[in-house]
Amino acid sequence: MSTVTPVGVRDADVVTQTPPAAGRRGWVGYLTMPLILAVVLISLYLYVNGRELDSIEARSLNAAALSTAVGEHVALTAVSTVITLLIAVPLGILLTRPFTRRVRPFIITLLTLGQAVPTISVLVLLAVMFLFLGFQAAIVGLVLYAIIPVLLNTMVGLEQVDENVLEAGRGMGLSRFQVLRRLELPLAVPVILAGVRTALVINVGTATLATYINGGGLGDVIMAGLSTNRVLVQVVGAVLTSVLALLIDYLAGLAENLLQPKGLRSTRS
Amino acid sequence: MTQTPQTAPEPEVMIRLENLTKRFPGTQRNAVDGLTLDIHAGEIVVLVGPSGCGKTTTMKMINRIIEPTSGRIILGGEDVTTTNADQLRRRIGYVIQQTGLFPHLTIGENVATVPKLLGWDAARTRSRVDELLSMVNMDPDEYRGRYPKQLSGGQQQRVGVARALGGDPQVMLMDEPFGAIDPITRERLQNEFLRLQSEVRKTIVFVTHDIDEAIKMGDRIAILQEGSSIAQYDTPEKILTAPANDFVRDFIGGGASLKRLSLSRVRDIELASWPTVSAADSLEQAHRVLRESDHSAVLVLDTEGRPARWVGAEDLRRGAGQSLDRIGTVPQAVVESRATLSDALNELIAARYAVTVVVDQDGRHLGVVDIEQINEAIRSMRHSAVAEARTEFADGRTAP
Ligand SMILES: Nc1ncnc2c1ncn2[C@@H]1O[C@H](COP(=O)(O)OP(=O)(O)OP(=O)(O)O)[C@@H](O)[C@H]1O
Ligand SMILES: [Mg+2]
């Protein structure tokens with residue numbers, strides 16, 4: 001990956017600054033995904049409830065254990081995403097300022113290489129080399145992996161802002177900081193948010209690996225099913241992870257639409 | 001000695017560029033090379049010249065969007081070459097061709113940009129926004145809450161002008177503001193802008209590569225050659241009638257004489273007379289007047305003195321027994337005295353008797369313009385400009 005391309009954004013969006021017209025989906029469109037997810041969860045519940053569980057299965061498949069796993073999983077995803085944003089967005093801003101032009105390619109290459117190393121290797125390395133285990137170690141692994149999409153989208157988002165708009169802003173006496181805060185960032189929001197959404201989805205999925213270093217999450221359920229050879233437990237873990245991923249993606253999509261600056265929305269006056 | 005116009009006190013210099021030079025990094029020659037230029041308060045100065053000659057670079061050095069390599073910029077007597085650029089820019093309106101409106105902000109918010117930067121309170125800002133939108137002929141109630149992409153190109157450009165006027169700057173910089181707009185809308189925006197300028201009297205630096213726009217908009221025109229070197233800096237009249245060199249002549253192009261005609265008004269020249277009769281007169285009376293003149297028709301005026309009919313000898317013969325305002329033809333080529341000679345010429349070309357009838361603002365007959373007078377006007381413009389250029393030259397030589 002040598003050129004800077006945004007993640008999760010279609011070409012046309014970058015060019016015209018008009019992300020998909022979500023406002024037109026209407027209520028039916030907004031309700032479809034939650035309904036599907038609810039149906040999946042209820043079916044799963046009824047199916048598991050209708051089965052005679054052995055003691056090993058029962059140890060994993062009870063309300064307390066499952067809600068702990070889901071809670072940990074959500075925490076892993078949320079914390080890692082927040083930290084990712086706190087690192088990647090400011091870094092993206094810095095790397096699009098004129099004075100960092102020289103170090104830019106170097107840092108991007110470095111981070112892209114970093115992303116090529118699988119998260120699982122990072123986690124194992126952390127555990128073996130630094131005896132660093134548990135929730136915090138898992139967060140480090142997740143953040144390292146999710147930085148790149150957010151960083152690249154932040155940079156692309158900032159760079160695609162119309163040069164004339166910025167020049168007009170400077171010409172009217174906005175300081176460099178005011179140009180950044182009032183013009184560049186708001187106009188980059190759609191592309192940055194697309195990166196955030198990507199990071200969230202990556203993190204929900206990758207957080208299942210946290211179980212290898214005692215980080216908790218739904219990975220625990222899947223692992224328990226694998227090690228005890230209980231297919232039902234594996235399936236429940238996998239389905240819950242998928243439902244969570246789809247739900248988070250859905251919510252991120254909603255946020256994207258809400259945070260989109262009004263003037264950039266497809267016309268609906 | 002009598003006071004000649006040249007020795008009258010010069011208007012205040014608002015912008016003085018002194019030996020202004022810009023070399024972009026990595027280029028071999030100066031984009032702007034030692035430009036010195038005085039711009040007087042309240043004037044529109046047009047920078048015009050071929051593509052790449054350095055117009056935009058020159059203009060952007062005035063508000064230091066481009067920092068000069070050397071030289072000085074003096075604004076209202078104050079050297080602003082190294083002062084705080086952000087503060088400086090709030091005092092200078094800035095309009096660019098691509099409008100640069102902020103797409104995520106409403107029209108009202110766009111126009112409020114500079115007032116907010118200057119720390120005006122909400123009430124004052126709001127009334128200023130409405131005032132500015134009205135000034136550029138946009139209904140504030142209708143457009144205040146819209147977003148830029150909900151406007152046409154011409155409307156966006158109007159908002160661009162309103163926004164630039166936000167902080168009531170003394171100076172405005174405009175880079176081809178009407179360049180990307182269709183000819184009809186451009187014409188309208190130019191006229192609106194000139195009317196606006198007659199009220200606000202800003203000092204304006206206006207960049208264009210279109211000589212016709214320069215002649216129309218400029219109080220003074222600087223024709224620039226490569227490196228922003230001045231080929232001629234003068235009023236449109238003098239540039240058209242006494243181009244300083246071949247470069248200027250070529251740049252003005254073929255239609256210089258015609259262009260000149262749009263600079264003078266019908267009221268500025270002496271009108272020719274044409275035989276007239278009153279509508280109440282008899283046909284015999286009209287016959288006599290016509291025979292005594294060497295023209296082929298008489299102009300019939302109504303009781304108010306307004307042109308009513310053209311009546312020729314043939315009309316008189318055929319219309320025997322009718323009153324004068326019933327025969328002949330309705331005058332077509334009629335202009336008011338504030339029309340330009342170019343307007344008069346346009347009418348004249350198509351007119352039946354090869355003259356344009358001139359009336360005052362109430363429509364009363366003043367006289368006519370024929371081709372001879374247009375020729376005469378062109379000749380005298382050229383003479384006076386040449387004479388003036390000579391005296392200035394002589395003055396310049398003898399001045400201490
Ligand atoms: N940022 C830059 N870097 C290098 N050279 C530049 C830069 N901006 C302008 N130039 C060069 O400086 C010269 C003057 O450019 P400028 O934009 O002022 O021309 P202009 O008279 O406005 O032309 P046009 O009518 O095409 O807009 C040109 O030769 C151009 O190539
Ligand atoms: Mg230019």
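## Close-up views of a predicted two-chain model with a ligand

**View 1. Transmembrane stretches of chain A, as placed by UniProt.** An unreviewed UniProt entry puts the feature "transmembrane region" at residues 27-48, 74-95, 107-132, 138-158, 185-211 and 231-252 of chain A. Keep in mind while browsing that everything here comes from a predicted model. Pick out residues 138-158 of chain A and you'll find 100% helix and 0% strand, with the end C-alpha atoms 30 Å apart. Now hop over to residues 231-252 of chain A: again 100% helix and 0% strand, and here the end C-alpha atoms sit 31 Å apart.

**View 2. Chain A from end to end, a run of helices.** Chain A has 11 helices and 0 strands. If you trace the chain along its sequence, the pattern reads α-α-α-α-α-α-α-α-α-α-α. Chain A has 269 residues, and 45% of them count as buried.

**View 3. N214(A), a loop residue with a positive phi.** Zoom in between α9 (176-206) and α10 (219-227) of chain A, and N214(A) is there in the loop. Its backbone is worth a look: phi of N214(A) is near 70°, a positive value in a residue other than glycine. N214(A) has a relative accessibility of 64%, so it counts as exposed.

**View 4. Chain B and its annotated domain.** Over in chain B, there are 16 helices and 16 strands. The C-alpha trace of chain B spans about 85 × 60 × 40 Å along its principal axes. Chain B has 400 residues, and buried ones make up 50% of them. From an unreviewed UniProt entry comes the annotation "domain: ABC transporter", covering residues 15-252 of chain B. That span is 39% helix and 24% strand, and its end C-alpha atoms lie 26 Å apart.

**View 5. Ligand 1 and the chain B residues around it.** The shell around ligand 1 is made up of F24(B), T27(B), A31(B), S51(B), G52(B), C53(B), G54(B), K55(B), T56(B), T57(B) and E176(B). Sorted by character, these shell residues divide into 3 nonpolar, 6 polar and 2 charged.

**View 6. Polar contacts to oxygen atoms of ligand 1.** Go in closer and look for the oxygen atoms of ligand 1. A polar side-chain atom of T57(B) lies 2.5 Å from one oxygen atom of the ligand. K55(B) also brings in a polar side-chain atom, 2.7 Å from an oxygen atom of ligand 1. With G54(B) it's the backbone that takes part: one of its N or O atoms lies 2.9 Å from an oxygen atom of ligand 1. As for how much of the ligand is covered, ligand 1 taken alone exposes 640 Å², and the protein buries 57% of that.

**View 7. E176(B), a buried loop residue beside ligand 1.** You've already met E176(B) as one of the residues around ligand 1. Its place is in the loop between β7 (171-175) and α8 (183-200) of chain B. Phi of E176(B) is near 40°, a positive value in a residue other than glycine. E176(B) is buried, with a relative accessible area of 14%, whereas N214(A), back in View 3, counts as exposed.

**View 8. W274(B) and W310(B), an edge-to-face pair.** Across all chains, the count of aromatic pairs comes to 5. In one of them, the rings of W274(B) and W310(B) have their centres 5.4 Å apart and their planes at 80°; angles over 60 degrees count as edge-to-face, so that is what this pair is. W274(B) sits in the loop between α12 (256-261) and β11 (276-278) of chain B, while W310(B) is in strand β13 (residues 307-312) of chain B, so the pair ties together parts that are 36 residues apart in sequence. W274(B) counts as buried at 10% relative accessibility, and W310(B) counts as buried at 6%.

**View 9. W310(B) again, now with Y353(B).** The rings of W310(B) and Y353(B) have their centres 4.9 Å apart and their planes at 50°, so this pair is tilted. Y353(B) lies in the loop between α15 (341-350) and β15 (355-359) of chain B and W310(B) in strand β13, so the pair links parts that are 43 residues apart in sequence. Both W310(B) and Y353(B) are buried.

**View 10. An aromatic cluster in chain B.** One last stop: F178(B), F193(B) and F206(B) form one aromatic cluster.

Conventions
Residues are numbered from 1 along each chain as its sequence is written. Chains are lettered from A and ligands numbered from 1 in the order in which they are written. Side-chain values use heavy atoms; hydrogens and water are left out. A residue is near a molecule or strand if one of its heavy atoms lies within 4 Å of it. A polar contact is a pair of N or O atoms within 3.5 Å; within protein, one must be able to donate a hydrogen and the other to accept it, and residues adjacent in sequence count only if both atoms are side-chain atoms. Accessible areas come from the Shrake-Rupley method with a 1.4 Å probe; for residues, only the protein chains shown count as cover. Ala, Val, Leu, Ile, Met, Phe, Trp, Tyr, Cys and Pro count as nonpolar, Asp, Glu, Lys and Arg as charged, and the others, Gly among them, as polar. UniProt positions are given in the numbering used here, feature names are shortened, and annotations may be inferred rather than shown by experiment. Helices (H or I, at least four residues) and strands (E, at least two) are DSSP runs, numbered from the N terminus. Rings of Phe, Tyr and Trp (its six-membered ring) pair if their centres lie within 6.5 Å; planes under 30 degrees apart count as stacked, over 60 as edge-to-face and the rest as tilted. Buried means under 20% relative accessible area, exposed over 50%, partly exposed in between (1.4 Å probe, protein chains only).
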